[in-house]
Every structure is written in structure tokens, then in C-alpha cells.
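Me: Could you take me through one part of this protein in detail? Pick a helix and tell me what sits around it.

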Amino acid sequence: MTASVSQQSTMQEQALLNHIKRLERNGQDHLCVQIHLSSLIAFDRLPDCRNIARTMMDRGARTHDASLFELFNSDLFLVYHRSNAAQIEEDLNRLRRVCREDPFFAAGAEADAAFCSHFDLGEGYETLSERVLSLLAERAEMERSASGPRRNALPISLADLAAVEKAIAQADLSAMTSRQAICQLDENGRPQPLFHELFTSMSTLRDTLLPGHDIFSDPWLFQHLTTKLDQRMLAWLAKNDDATLRHSFSINVNVTSVSSQRFLELDEELDQKRRNTIFIELQALDIFADVDRYLFVRDFLLDRGYRICLDGVTELSLPYIDRADIGAELVKLQWSKTLRSQVEGRNRKGLRSAIEKTDPARIILTRCESDDAIELGHELGIHLFQGHFLDHLLRENITRDEAAGRLSAALARHRRTVAQQHAAANS
């Protein structure tokens, strides 16, 4: 079975199991390696990098007449003849060098060893078989628990986009408009809103106008869609008489939308004092897609008294961004469950230096989903936060400690309930 044939299978785990079963009788001639791409942290969000890693090993498999299998969790299994062990190890070392910047490798030699698991089909056939069977069970459980709509979501097409654009022109945006606070925590850990971001809820838009589709599947079609939403949002703001929207808010728009007639109409409705309290949030990707246009828009916004907030910044892009040169007063850094690993990993000096250069007091840690985000932010000198965890604290009017206490009590109740159910089942 060649590598190319093995990858034609619709279920690589079962194909791998069938392959090693066929080799069981003369397994002493073959070895297997599991490459734990699923353990990588940054690559988990970068499918293109996973494709490069797979392609590298696929070339080696073709050269050395080996069989390559890509599993549901992105791990690779390579089954090869013992005589090719040295060449395969060279390929593995080459892959390690390519992936070296991932925080997973911060542990050095220990991580190098953990990146690959080796099996001898002669002596370790049972161990390998059990490993593949456990992965089969894991995939089956994942498929059972996966939600149907997400799994079957269709990518958005040009025809879909045209239909959505027409619907947006007639839709009531007020039902799809959300506000989220940017907060600073007081000495007791209670959030104090400084201003609110006004935005269109894309999930509500999808469910209302295009159910069953993934509007995020193509980033450039999605970007085009947001420009249409900008126009409706700006028109709505210009005519809105809600007193809470007259000052101290932010709107996330595209660079091209700032130079549109709709924005100029909104600008006419605002006096200098109100403009000074409004942040215009612009995506980093949008800025660098057309730098000349952005520089013009930046100078216009600053001249009119608006303040600029740079959005869409991650721990990987922050070191390459100069807030002062861009002209942004604030930068939104996206929190993720892997941010701590990045801050404490191999590139910690570069990332911490970038945070200091940006000025922690000018950073909003956004997409905060847990208390760990707040704790990490404070460790880095960041005091501005945004996300669902802050929304929860505000809604319940509680502090971080009170939220942690409630969570601890809920977990204790859950453990007691599970123990009672087990006891009843065994009685």
C-alpha cells in the first residue's frame, strides 16, 4: 500500500488498522512512527502549516516506499520498512526544524522526543494496534458529540453573497446589533465599563439571513460582506436617537467605509466633543491590504478628532506592529487558551518586548472567556479587557473572586451528583 493510495481512504484510522493487520505476520520487517502534529499549539490554528508538514512527510513516504496516514486530529502515522529507518529519521528531524518555533518545542529535548512515538511491528504490534483502536473510538465519540449544523455547514458562494447583500439592504439591523463593554477592573475585581463596542452579530446575521451556511469560510467574501454591513450600520447610527450612542462608543468598520459617503454623513451629525469620545476600530489585515488608503483615512480621522483602535492583533502579529507608527491609540490583542504558552514559551522575550513597546496601558485583551485571561493580562501589565467573561461579571454584578467561588460550588455540586448516580447504579 503506497502513501498516495492510503490517503484516498475516507477514514484513515480504519485504513491504518487494516494496513498493520496485513503486516502482522512479517511485522518484524516494519516500523511505524506517530507524528503528534495535534500537540502543536500555534499550528492548530494554521491549516496551511499542517498541509506543509503533511506534504513534507508524504514526499519522504513516496521516496522510501512507505505508507502515510493522516488522522482526524492531524496526527500522521508513517509505516515503513526497517531498512529505511535512517532516512525516515532524517525526514523527521527536518520536520522538527520546520516546526521549531511552535511553543510546544520550548521544552527542548523532551519535546523533541515527545513529538514522535515509535513502534516496532514485530515486538510492539499490540501496542500500536491498541493506539489505533483508541483513536478510532475517539473519532467516533467526536462525531457523535459534534453538532449537526456546524458539521454540515455549507461554504458561502457568490450567489449566496448576492442574496445576503439584498437582504441586508432591507433587514432591521437593530435586532442584529450588539454592544459589548470594554472594562477596567477596580481594586475589588469588579469590572467598570469605560466604553462599549457597537457591532453587528455575525452569528445572528447568519442564522437570520443564511442559515446552514458558514459565512466565515472565505475571508475575502466575508470582508466584502462586512463592507455592506458597514454602510447600513453607519446610516443607522446617523439617524439613531438613542442617547447612549451619542458618545463613548466604538465601531468596527473597514478602511474603505471610512471614506464613504455614509461615514461623512455620520460625521456631519457629530460635534467635536462627541467625536473625541468615539473609537474607530480597524482590522490589521484591512490596514495592510491597502496601506496608502489607510494613511489617508488615518490622517482624516485624527484631524476630525476620532481615536483609532487597531483590532485583529494576535500574539504572533503583535511583534511586527508599531502602534505609534500606525497612529492607533489602542490595540486589541486577542486572548486564546494558548496565549500563556506563547508568553512563557520559546519566544517569550520577543512577545513581552512587543507588549512593552506597544504599552500595556494601551492594550485591550479581548475575547476573554475565563478568569485566566484576566490573570494573565494583569501579569503582563494589561488593565483593559473585553469578552464574554466580563459580560458575565457585569450581568451578575459580581467580582472575579465571586465568579470563581460560584464556579467552584457548581463543580462541587456536579461531582456530588455524579457520585450519587454511580452509587445508585451500583446498589
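**A close look at H15**

Reply: Let's start with where the helix sits: H15 lies across S10 and S11, and its direction makes an angle of about 140° with S11. Bear in mind that this is a predicted model.

The helix itself covers residues 291-304, which makes 14 residues. From first C-alpha to last, H15 reaches 20 Å, close to the 20 Å expected at 1.5 Å a residue.

Which residues of H15 are buried? They are Tyr 294, Val 297, Arg 298 and Leu 301. These four cover an arc of only 110° around the axis, so they end up on the same side of H15. The general rule behind such a pattern is simple: an α-helix has 3.6 residues a turn, so residues three or four places apart point the same way. Turn to the face of H15 that looks away from the buried side, and you meet the exposed residues Asp 292, Phe 296 and Asp 303.

What do the buried residues of H15 pack against? The helices on that list are H11 (255-258), H12 (261-269), H14 (284-289) and H16 (323-326). The strands are S10 (278-283) and S11 (307-313). Just after H15 comes Gly 305, with a positive phi of about 100°.

Now for the strands under the helix. S10 and S11 belong to a closed barrel of eight strands, which runs S6-S7-S9-S10-S11-S12-S13-S14 with mixed pairing. S10 pairs with strand S9 (residues 249-252) in the parallel sense, over four bridges. In that pairing, Phe 249 has Ile 278 of S10 as its bridge partner.

One residue of H15 also turns up in a wider cluster. Leu 301 is among the residues that touch the most other members of the largest nonpolar core, together with Ile 280, Leu 282, Leu 310, Leu 365 and Leu 390. That core has 54 residues, and helix H10 (residues 219-239) gives the most to it, with four residues. As a general point, nonpolar side chains tend to be buried together in soluble globular proteins.

Ile 280 is a good spot to see how the pieces meet. Leaving aside neighbours within four places in sequence, Ile 280 is in contact with Leu 301. Its other partners on that basis are Ile 251, Val 253, Val 258, Phe 263, Tyr 306, Arg 307, Ile 308 and Cys 309.

Leu 390, another of those core residues, is buried in helix H20 (residues 388-396), along with Phe 389, Asp 391 and Leu 393. Just after H20, Asn 397 takes a positive phi of about 55°.

A second, separate core has 23 residues, including Leu 31, Met 57, Leu 78 and Ala 111. There is also an open sheet of four strands, in the order S2-S3-S1-S4, with antiparallel pairing. Strands S2 (67-70) and S4 (116-120) stand at its edges with a single partner each, so one side of each has no neighbour in the sheet. Inside the sheet, six bridges join S1 (residues 30-35) to S3 (residues 76-81), and Cys 32 stands opposite Val 79 in S3. Helix H2 (residues 12-22) lies across S2 and S3, at about 150° to S2.

To put H15 in context, the protein chain comes to 21 helices and 14 strands. Of its 427 residues, 44% count as buried.

Terms used: Residues are numbered from 1 along each chain as its sequence is written. This is a predicted model: local features need pLDDT of at least 70, side-chain atom pairs count only at pLDDT 80 or more; totals for chains, interfaces and linings use all residues. Side-chain values use heavy atoms; hydrogens and water are left out. Helices (H or I, at least four residues) and strands (E, at least two) are DSSP runs, numbered from the N terminus. The expected span of a helix is 1.5 Å times one less than its number of residues. Buried means under 20% relative accessible area, exposed over 50%, partly exposed in between (1.4 Å probe, protein chains only). The arc is that of the directions from the helix axis to the C-beta atoms. Contact means heavy atoms within 4.5 Å. Two strands pair if DSSP finds at least two bridges between them. Axes are lines fitted to C-alpha atoms, for helices over the stretch in contact, and angles run from 0 to 180 degrees between N-to-C directions. A nonpolar core is a set of buried Ala, Val, Leu, Ile, Met, Phe, Trp, Tyr and Cys residues joined through side-chain atoms within 4.5 Å.
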